[in-house]
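Subject: Handover of a structure and notes on its contents

Dear colleague,

Please find below the structure that I am passing on to you. My notes on what was found in it follow directly after.

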Amino acid sequence: MERGNVISAVEKSLSEVLERPVTGLTEEVRLFEDLHLDSTSVLELLMELEDATDISVDPEDLDMDDFKSVGSLTDYVLSQTAQTTGEG
């Protein structure tokens, strides 16, 4: 999966979770500070991303560093897609 596609999936998923359009994200946008996510919305975001990108998230493997920014979340999703497809 291409990095740009993952960022688009993050935007779409955030739009669903936040119930408002989220567009034009850069990798530097911080999920908690800039978008005001909380722990519940992060779980909703992960469920949306699982559906959008065909990844499977194991809550035991989650690290808060993965949710610092759109870029770190994109890295996480890409690592999960690589595991799912056997590329990693």
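In which loop is the place of aspartate 54? Aspartate 54 sits in the loop between α2 and α3. Its phi is near 60 degrees, a positive value in a residue other than glycine. With a relative accessibility of 62%, aspartate 54 counts as exposed. I return to this kind of backbone angle further below.

Please note that this is a predicted model. The average pLDDT of the protein is 92, and 94% of the residues score at least 70. Confidence is highest in α1, at a mean of 96, and lowest in α3, at 89.

The UniProt record, an unreviewed entry, lists residues 1-81 as "domain: Carrier". That span is 53% helix and 0% strand, and its end C-alpha atoms lie 7 Å apart.

The nonpolar core

The largest nonpolar core has 24 residues, and those with the most contacts inside it are Val10, Leu14, Leu25, Leu31 and Leu73. At least two residues of this core come from each of α1 (3-18), α2 (39-53) and α3 (70-85). The helix that gives the most is α1, with six residues. As general background, nonpolar side chains tend to be buried together in soluble globular proteins.

Leucine 25 gives a view of these surroundings. Apart from its neighbours within four places in sequence, leucine 25 is in contact with Ile7, Val10, Glu11, Leu14, Leu35 and Val70.

Helix α1

The 16 residues of α1 should span 22 Å at 1.5 Å a residue, and the end C-alpha atoms are indeed 22 Å apart, which agrees. The buried residues in α1 are Val6, Ile7, Ala9, Val10, Glu11, Ser13, Leu14, Ser15 and Val17. Leucine 18, also found in helix α1, counts as partly exposed because its relative accessibility is 21%, while buried means under 20%. Residues up to four places away in sequence aside, leucine 18 touches Leu35 and Leu37. Its C-alpha atom is separated by 17 Å from that of glutamate 50, which is 32 residues apart from leucine 18 along the chain. After α1 comes glutamate 19, whose phi is positive, near 55 degrees.

Threonine 74 in helix α3

Is threonine 74 buried or exposed? Threonine 74 lies in helix α3 and counts as buried, because its relative accessibility is 0%. Beyond its neighbours within four places in sequence, threonine 74 is in contact with Arg3, Val6, Ile7 and Val10.

Salt bridges

How many salt bridges does the structure hold? There are four salt bridges in the structure. In general terms, side chains of opposite charge can pair when their charged atoms come close.

One of the four joins the side chains of glutamate 27 and arginine 3, at 2.8 Å from N to O. Glutamate 27 lies in the loop between α1 and α2 and arginine 3 in helix α1, so this pair ties together parts that are 24 residues apart in sequence. Another salt bridge is formed by aspartate 75 with arginine 3, the closest N and O atoms being 2.7 Å apart. This pair links distant parts of the chain, with aspartate 75 in helix α3 and arginine 3 in helix α1, 72 residues apart. Arg3, Glu27 and Asp75 are thus named together as a network of salt bridges. Each of the three is partly exposed: glutamate 27 has a relative accessibility of 28%, arginine 3 has 29% and aspartate 75 has 43%.

A further salt bridge is that of arginine 30 with aspartate 34, where the closest N and O atoms are 2.8 Å apart. Arginine 30 counts as partly exposed at 39% relative accessibility, and aspartate 34 counts as partly exposed at 34%.

Positive phi angles

Most residues other than glycine have a negative phi. Against that background, aspartate 54 is joined by histidine 36, which has a positive phi of about 60 degrees although it is not a glycine. Histidine 36 is placed in the loop between α1 and α2. With a relative accessible area of 63%, histidine 36 is exposed.

Yours sincerely,

A colleague

Methods:
Residues numbered from 1 in each chain as written. Predicted model: local features only at pLDDT ≥ 70, side-chain atom pairs only at ≥ 80, totals over all residues. Heavy atoms only, no water. Core = buried A, V, L, I, M, F, W, Y, C linked by side-chain atoms within 4.5 Å. Buried < 20%, exposed > 50% of the residue type's maximum accessible area, 1.4 Å probe, protein only. Helix = DSSP H or I, 4+ residues; strand = E, 2+ residues; numbered from the N terminus. Contact = heavy atoms within 4.5 Å. UniProt positions renumbered as here; feature names shortened; annotations may be inferred. pLDDT = per-residue confidence, 0-100. Expected span 1.5 Å × (residues − 1).
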